[in-house]
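Visitor: I am new to this structure and would be grateful for a close look at one part of it. Please begin with a single residue and then explain its surroundings.

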Amino acid sequence: MDMIEYYFSLQYKLPNARLRVLQYREEFYRNQTLHSYFTYSEGRWMVRGFRQDVQVVNLLDTLLALERYIEILEFKLKHFRLFLQELPREDRVMLNKKYFHKRELPDTENLRNVEKLCFSEVQEIEEAACFRFKFYEMPDFLIEAAEILDLEDENFTESFSVNFAAMLELLGVGSE
């Protein structure tokens, strides 16, 4: 259920990502000289200059990537919050206790059902993000993870061995 925990942490990731944009931009100008300068290297004096063609392009690429990351986080957080608002209050409180406050809760059927519902919604949000932001392919771990949730007591052993074998295959490790 790491994905549910990830979604509960989105509200912290978003301000951190915005702060990184400001820090990166500030660092670029603080640590950069935009003029040519002399430097001593390999036993001789050399003139070095600010490489606009490389450094400005790298700055802009990084800033654009960070802005896209922020846009994706905002999309996911918006839809996750909408989902949480639709849940009954007691279910929302239960999920908050377990995944936001990281408290141990007794394993009840109600908790398992709410987790399944939440995980299903997270998968839908991820799929929507893939299409919205043109990733086209849903990550394999989301497709495979849906099958892992079927862990009733009577078929736990079988489900565990099948999912463990799938994980080993995904990692490229032999299960000998």
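Visitor: Where is the place of Leu-10?

Guide: Leu-10 has its place in helix 2. Please bear in mind that this is a predicted model.

The setting may be described before the detail. The protein chain contains seven helices and two strands. Along the sequence these elements follow the pattern α-α-β-β-α-α-α-α-α. Of the 176 residues in the protein chain, 26% are buried. About 12700 Å² of the protein chain is exposed, and carbon and sulfur atoms supply 53% of that area. Among contacts with a separation of 6 or more, 60% join residues that are 24 or more positions apart.

Leu-10 offers an example of two residues distant in sequence. Leu-10 and Glu-74 are separated by 64 residues in sequence, yet their C-alpha atoms are 8.5 Å apart in space. With residues up to four places away in sequence left out, Leu-10 touches Leu-73, Lys-76 and Leu-77. The relative accessibility of Leu-10 is 1%, so Leu-10 counts as buried, given that the word applies under 20%.

The helix that holds Leu-10 deserves equal attention. Helix 2 covers residues 10-30, which is 21 residues, and reaches 30 Å from its first C-alpha to its last. That reach is close to the 30 Å expected at 1.5 Å a residue. Leu-10 shares its burial with Leu-14, Ala-17, Val-21 and Phe-28 in helix 2. These buried residues lie on the same side of helix 2 because they cover an arc of only 70° around the axis. On the face turned away from that buried side, helix 2 carries the exposed residues Leu-22 and Arg-30.

Helix 4 may be read in a similar manner. Helix 4 comprises the 12 residues 89-100, for which a span of 16 Å is expected at 1.5 Å a residue; its end C-alpha atoms are 15 Å apart, which agrees. Asp-91, Met-94, Leu-95 and Tyr-99 are the buried residues of helix 4. They cover an arc of only 105° around the axis, and therefore lie on the same side of helix 4. The exposed residues Arg-89 and Glu-90 are found on the face of helix 4 turned away from its buried side.

Tyr-99 leads to the aromatic rings. Tyr-99 belongs to one aromatic cluster together with Tyr-6, Tyr-7, Phe-8, Phe-80 and Phe-83. A pair of aromatic rings is described by the distance of the centres and the angle of the planes. When rings are paired if their centres lie within 6.5 Å, the count comes to eight aromatic pairs. One of these is the pair of Tyr-6 and Tyr-7, which is edge-to-face, at 5.5 Å centre to centre and 80° between the planes. Tyr-6 has 24% relative accessibility and therefore counts as partly exposed, whereas Tyr-7 is buried, with a relative accessible area of 1%. Phe-80 and Phe-83 form a tilted aromatic pair, with 6.3 Å from centre to centre and 35° between the planes. Both residues lie in helix 3 (residues 52-86), three residues apart, about one turn of the helix. Phe-80 is buried at 2% relative accessibility, and Phe-83 is buried at 7%.

A further ring is that of Phe-133. The charged end of Arg-132 sits over this ring, 4.8 Å from its centre.

Finally, the backbone of two loops should be considered. Most residues other than glycine have a negative phi. Glu-42, although not a glycine, has a positive phi of about 55°. Glu-42 is placed in the loop between strand 1 (37-41) and strand 2 (44-48). The relative accessible area of Glu-42 is 72%, so Glu-42 is exposed. Lys-102 is also not a glycine, and its phi is positive, near 55°. Lys-102 comes just after helix 4, in the loop between helix 4 and helix 5 (109-132). At 54% relative accessibility, Lys-102 counts as exposed, the word being used over 50%.

To return to the point of departure, Leu-10 is buried in helix 2 and touches, among others, Leu-73.

Definitions and conventions: Residues numbered from 1 in each chain as written. Predicted model: local features only at pLDDT ≥ 70, side-chain atom pairs only at ≥ 80, totals over all residues. Heavy atoms only, no water. Helix = DSSP H or I, 4+ residues; strand = E, 2+ residues; numbered from the N terminus. Expected span 1.5 Å × (residues − 1). Buried < 20%, exposed > 50% of the residue type's maximum accessible area, 1.4 Å probe, protein only. Arc of directions from axis to C-beta. Phe/Tyr/Trp six-rings, centres within 6.5 Å; stacked < 30°, edge-to-face > 60°. Lys NZ or Arg CZ within 6 Å of the ring centre and 35° of its normal. Contact = heavy atoms within 4.5 Å. Areas by Shrake-Rupley, 256 points an atom, 1.4 Å probe, with all protein chains shown as cover.
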